[in-house]
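Open the structure in your viewer and keep the selection tool at hand. We will go stop by stop.

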Amino acid sequence: MCRSLPSARLAVRTVGAGCPSVDAAAAARRVRWVILALPYRQIAPVVRRLAALGAVGPGSWVVHTNGSCGREVLSAAARAGACTAAAHPFLSFAHRRDAPPLAGALWGIDVEVRRRSELIRFVRALGGTACAVPPGARALYHAAGVFAASHVVVQAAAARSLLVRAGVPPRAAFHGITAMMAGVVRNLARVGLPQAVTGPASRGETDVLRRQIAALGAAGLDRDLVRLYRICARQAARLGRAKRERGRRGDGGTGRCREKEENGRRA
Ligand SMILES: NC(=O)c1ccc[n+]([C@@H]2O[C@H](COP(=O)([O-])OP(=O)(O)OC[C@H]3O[C@@H](n4cnc5c(N)ncnc54)[C@H](OP(=O)(O)O)[C@@H]3O)[C@@H](O)[C@H]2O)c1
């Protein structure tokens, strides 16, 4: 659903199906599943309009993709008799022409228990895994997504600014950071938490850390970023201690292997 035809055309091209339209009510009348990928503040007013026009009702599903709220924002559709749900893909969509693959994604859902299996089938059809996240837990759930997506970009911006101050040309700095981050994500997937943590704080090298923090201060870096560096270093130190503890116990296997073993034991 879009307000402008160019956006609707682009959405159809990206999804690879559908007809571009800005008449939300006419589009909703034609389908059984109405998926609202709208900004948080637009969801309730759009749903009120759809319900008032009789575009949703018994037999239809109205689902929003927002992570921060549950199905309560769709109450106008529920009153009109529609099944309502929140189904948030735990993914980052930064570019309208290039969506990340849906296969393998976690989806945080909120739906009536008696309707849950139908929504889970919908998520599975998209290659995802659905987990119930009720309204009271959605702020926490959404904050997790912010850590894993938006804050990673904040860290990249900080790292680029430091590399450039250290004399690395901006383009080389950016490529260096994306290569480093891709490697970190690979390590996380391969060895899990806390094994993927690296760096001086995780190794307990306090003298190296002191020199770095002094250099950040001397470079006139934004004081918030210096504070952020200290906070992240403390968290990295904590993960590093857990990693070393596991190493001492000889428990250095990958998170994935451990999960498989645990699942095997449960089955
Ligand atoms: N971006 C992500 O990484 C991500 C990930 C998971 C879930 N989500 C959720 O998905 C939803 C959309 O996020 P987004 O990042 O795609 O936002 P966005 O880039 O701002 O896109 C919002 C879309 O909603 C349309 N729209 C806005 N107001 C409307 C209205 N009153 N009537 C009809 N269409 C309207 C816009 O159409 P126009 O272009 O024509 O204005 C645009 O196509 C949010 O609830 C978000 O929490 C986002």
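Which residue in β5 is the bridge partner of Gly108? It is Cys131. One caution before going on: this is a predicted model.

**Stop 1: β4 and β5**

Select residues 106-111 for strand β4 and residues 129-132 for strand β5. The two strands pair in the parallel sense, over four bridges. Zoom in on Gly108 and Cys131 to see one of the pairings. Now add residues 116-125, which form helix α5. Together, β4, α5 and β5 make a right-handed β-α-β unit.

How many of the six residues of β4 are buried? Five are, so β4 is largely enclosed by the rest of the structure.

**Stop 2: β3**

Move to residues 83-89, strand β3. This strand pairs with β4 in the antiparallel sense, over five bridges. Label Ala85 and find Val111 of β4 opposite. Then label Pro89: its bridge partner in β4 is Trp107.

Next, select residues 61-64, strand β2. Four bridges join β2 to β3, and these two strands run parallel. Trp61 stands opposite Cys83 of β3.

Is β3 mostly covered or mostly open? Mostly covered: seven of its seven residues are buried. Colour the strand by face to see how. Cys83, Ala85, Ala87 and Pro89 lie on one side, with Thr84, Ala86 and His88 on the other. Both faces are covered.

**Stop 3: the ligand shell**

Centre the view on the ligand. Which residues come nearest? Of the 20 residues around the ligand, they are Cys2, Arg3, Ser4, Ser7 and Asn66. The elements that give two or more residues to this shell are α3 (40-52) and β3 (83-89). Helix α3 gives the most, with three residues. Colour the shell by residue class: 11 residues are nonpolar, eight are polar and one is charged.

**Stop 4: Gln42**

Stay with helix α3 and pick Gln42, which lies in it. Is Gln42 buried, exposed or partly exposed? Partly exposed, because it has 14 C-beta neighbours inside 10 Å; 20 or more would make a residue buried, and 12 or fewer exposed.

Draw a distance from Gln42 to Arg244, C-alpha to C-alpha. The two are 48 Å apart in space and 202 residues apart in sequence.

**Stop 5: helix α11**

Arg244 takes you into residues 223-248, helix α11. Check its length in the viewer. The end C-alpha atoms are 37 Å apart. At 1.5 Å a residue, 26 residues should span 38 Å, so the two values agree.

Which residues are buried here? In α11, Ala236, Ala237, Gly240 and Lys243 are. Among what covers the buried residues of α11 is α9 (200-203).

Step just past the end of α11 to Gly250. Its phi is positive, about 75 degrees.

**Stop 6: Leu193 and Pro194**

Finish in the loop between α8 (170-191) and α9, where Pro194 has its place. Select Leu193 and Pro194 and check the bond between them. The peptide bond is cis, with omega about 0 degrees. Most peptide bonds are trans.

Definitions and conventions. Residues are numbered from 1 along each chain as its sequence is written. This is a predicted model: local features need pLDDT of at least 70, side-chain atom pairs count only at pLDDT 80 or more; totals for chains, interfaces and linings use all residues. A residue is near a molecule or strand if its C-beta atom, placed from the backbone, lies within 6 Å of it. Ala, Val, Leu, Ile, Met, Phe, Trp, Tyr, Cys and Pro count as nonpolar, Asp, Glu, Lys and Arg as charged, and the others, Gly among them, as polar. The expected span of a helix is 1.5 Å times one less than its number of residues. Two residues are in contact if their C-beta atoms, placed from the backbone, lie within 7 Å. Two strands pair if DSSP finds at least two bridges between them. A crossover is right-handed if, with the strands pointing away from the viewer, the path from the first strand over the helix to the second runs clockwise.
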